[in-house]
Amino acid sequence: MAVDQALLDLVTQPVVRLYRWETPTLSLGYFQATVDSEQHLESRGCPVLRRSTGGGAIMHDFELTYSLILPAELVQSKTSELYDRVHRTVAAMLAEVGLTALLHPSRPTVQEPIEHGRSSNSSAVSVQREPFLCFQRRAVGDLILWPNAPTSGTHSADTVLGHKILGSAQRKRDGAVLQHGSILFQQSPRAPQLLGINDFLPTARRCDAMDFGLELIERFMSQFGWVWESSCLTDQETNVAQDYEQTRFSSPAWNALR
Amino acid sequence: MKAEDLKYLESHEWVSVVEHGGQQVATIGISAFAVEQLGDIVHMELPGVGDSVTAGEEFGEVESVKAVSSMYSPVTGEILEVHSAIVDDLSVLSDDPYQKGWLLKVKVDSLSKSLLDFATYKQQCESH
């Protein structure tokens, strides 16, 4: 995530990254309280870091993280359209393997009681207390899987809310945008409340996360007429990323910011 | 305050400067256009009284539609007042962005050199 942040600072052309995590890791949304992660028992003991993007916590385990970084001149004023672009592309790919996934159409529907504000010298507040995990929240444009029936495990049939399998969030800087997203591929013991794409597919048709991601990039880029090529970080990008890693994503002060 | 009487940054913050006790005091907020573009604002973080702000540099952050955005200061100076209560009721930002939706009052050392008048700012918004 330090690399994503460095690329946001230095972006001159669209960049897409795909990655998975060596160690199952919990990432908090930028405004989430660290203390909330202590209430999520299944992920206890996992490394915790704070993203610079918004939204809820992600358990990075059996999932694929993508980041999309666009320079200001390519960003539309309604940046939420970027969510839809990626999510519709994934929905189309899932349709090809026989799964129905739809963009969530309305305002959040899953909420806990209102949390009272807290103030200090610096003022920050959460106006409504949403579920801790991103994938238990519902926001406009989230990609929700509507399976006929799960094929593995014993799960409560979620016929009302469906199963969110892709959520994205953004950080804006001087007009440029970093969009993070997570595609769930499989249920994790560290977040057993959530099912992934492969939990709804027979073994022979299960998706390889990285292959899926590469196909997603191809399709996403072709929508814009962009041709992508793989590249390495420049020395400058590497230096800035190392700085962010030290000052933010490996820093207890940053990760326990709230 | 009327939108027409304010100055703006390209990044959508507004500022009104008045003389108060021989000192220039700036009131700062974010424009109606910004609030509309951001959508449903769910979190806001503001600095504290006594902190310094610098023209063109970040003074706070908002989250809306899972997107975190920075807010930039139109002036350099020391913060005299913070509208802390607004973070408990962010709907004020859309209901009354230029009066009850103010965010900071700052003792002005200097103004940004990039302030736009209303007509120019409006033109910028319309070109989006």
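This is a selection-by-selection tour of a predicted model, covering parts of chain A and chain B.

**Stop 1: strand S6 of chain B**

Select residues 58-64 of chain B, which make up strand S6. Six of these seven residues are buried, so the strand is largely enclosed by the rest of the structure. Now add residues 41-46 of chain B, strand S4. S4(B) and S6(B) are paired antiparallel through four bridges. One residue to pick out on S4(B) is Ile41(B), whose bridge partner in S6(B) is Ser64(B).

Next, add residues 67-72 of chain B, strand S7. S7(B) also pairs with S6(B) in the antiparallel sense, here over six bridges. Within this pairing, Glu61(B) is opposite Ser70(B).

**Stop 2: the turn at Val65(B)**

Stay with S6(B) and S7(B), which form a hairpin with two residues between them. Select Val65(B), in the loop between the two strands. What is the sign of phi at Val65(B), which is not a glycine? Phi is positive there, about 45°. Most residues other than glycine have a negative phi. Val65(B) has a relative accessibility of 33% and counts as partly exposed, because the partly exposed class runs from 20% to 50%.

**Stop 3: the open sheet of chain B**

Show the strands of chain B in the order S1-S2-S3-S9-S8-S5; these six form an open sheet with antiparallel pairing. The edges are S1 (7-8) and S5 (52-53). Each edge strand has a single partner strand, so one of its sides has no neighbour in the sheet.

Inside that order, select residues 75-82 and 104-111 of chain B, strands S8 and S9. They run antiparallel and are joined by seven bridges. Val82(B) has Leu104(B) of S9(B) as its bridge partner.

**Stop 4: helix H3 of chain A**

Move to chain A and select residues 80-96, helix H3. At 1.5 Å a residue, its 17 residues should span 24 Å, and the end C-alpha atoms are 25 Å apart, which agrees. Colour the buried residues of H3(A): Leu82(A), Tyr83(A), Val86(A), His87(A), Thr89(A), Val90(A), Ala91(A), Met93(A) and Leu94(A). Just past the helix, Gly98(A) has a positive phi of about 90°.

Keep Tyr83(A) on screen and add Lys66(B) from the other chain. The charged end of Lys66(B) sits over the ring of Tyr83(A), 5.3 Å from the ring centre.

**Stop 5: His60(A)**

Select His60(A), in strand S4 (residues 58-60) of chain A. Is His60(A) buried or exposed? Its relative accessibility is 3%, so it counts as buried. Its side chain makes a polar contact of 2.8 Å with the side chain of Ser27(A), and another of 3.2 Å with that of Thr65(A). Leaving aside residues up to four places away in sequence, His60(A) touches Met1(A), Trp21(A), Thr23(A), Pro24(A), Thr25(A), Ser27(A) and Thr65(A).

**Stop 6: aromatic rings**

Over all chains, the whole structure holds ten aromatic pairs. One of them joins Phe224(A) and Trp226(A). These two rings are stacked, 4.3 Å centre to centre with 10° between the planes. Phe224(A) is partly exposed at 28% relative accessible area, and Trp226(A) is partly exposed at 22%.

Then select Tyr30(A), Phe31(A), Phe249(A) and Trp254(A), which ring pairs link into a cluster. For a charge over a ring within chain A, show Lys164(A) and Phe135(A): the charged end of the lysine is over the ring, 5.9 Å from its centre.

**Stop 7: Val15(A) and Asp174(A)**

Select Val15(A), in strand S1 (residues 15-19) of chain A. Val15(A) is partly exposed, with 22% relative accessible area. Beyond residues up to four places away in sequence, Val15(A) touches Leu7(A), Ser67(A), Leu68(A) and Ile69(A). Add Asp235(A), 220 residues away from Val15(A) along the chain; the two C-alpha atoms are 16 Å apart.

Finish at Asp174(A), in the loop between S10 (163-173) and S11 (176-184) of chain A. Asp174(A) is not a glycine, yet its phi is positive, about 50°. With a relative accessible area of 52%, Asp174(A) is exposed.

Conventions:
Residues are numbered from 1 along each chain as its sequence is written. Chains are lettered from A and ligands numbered from 1 in the order in which they are written. This is a predicted model: local features need pLDDT of at least 70, side-chain atom pairs count only at pLDDT 80 or more; totals for chains, interfaces and linings use all residues. Side-chain values use heavy atoms; hydrogens and water are left out. Buried means under 20% relative accessible area, exposed over 50%, partly exposed in between (1.4 Å probe, protein chains only). Two strands pair if DSSP finds at least two bridges between them. The expected span of a helix is 1.5 Å times one less than its number of residues. A polar contact is a pair of N or O atoms within 3.5 Å; within protein, one must be able to donate a hydrogen and the other to accept it, and residues adjacent in sequence count only if both atoms are side-chain atoms. Contact means heavy atoms within 4.5 Å. Rings of Phe, Tyr and Trp (its six-membered ring) pair if their centres lie within 6.5 Å; planes under 30 degrees apart count as stacked, over 60 as edge-to-face and the rest as tilted. A charge sits over a ring if NZ of Lys or CZ of Arg is within 6 Å of the ring centre and within 35 degrees of the ring normal.
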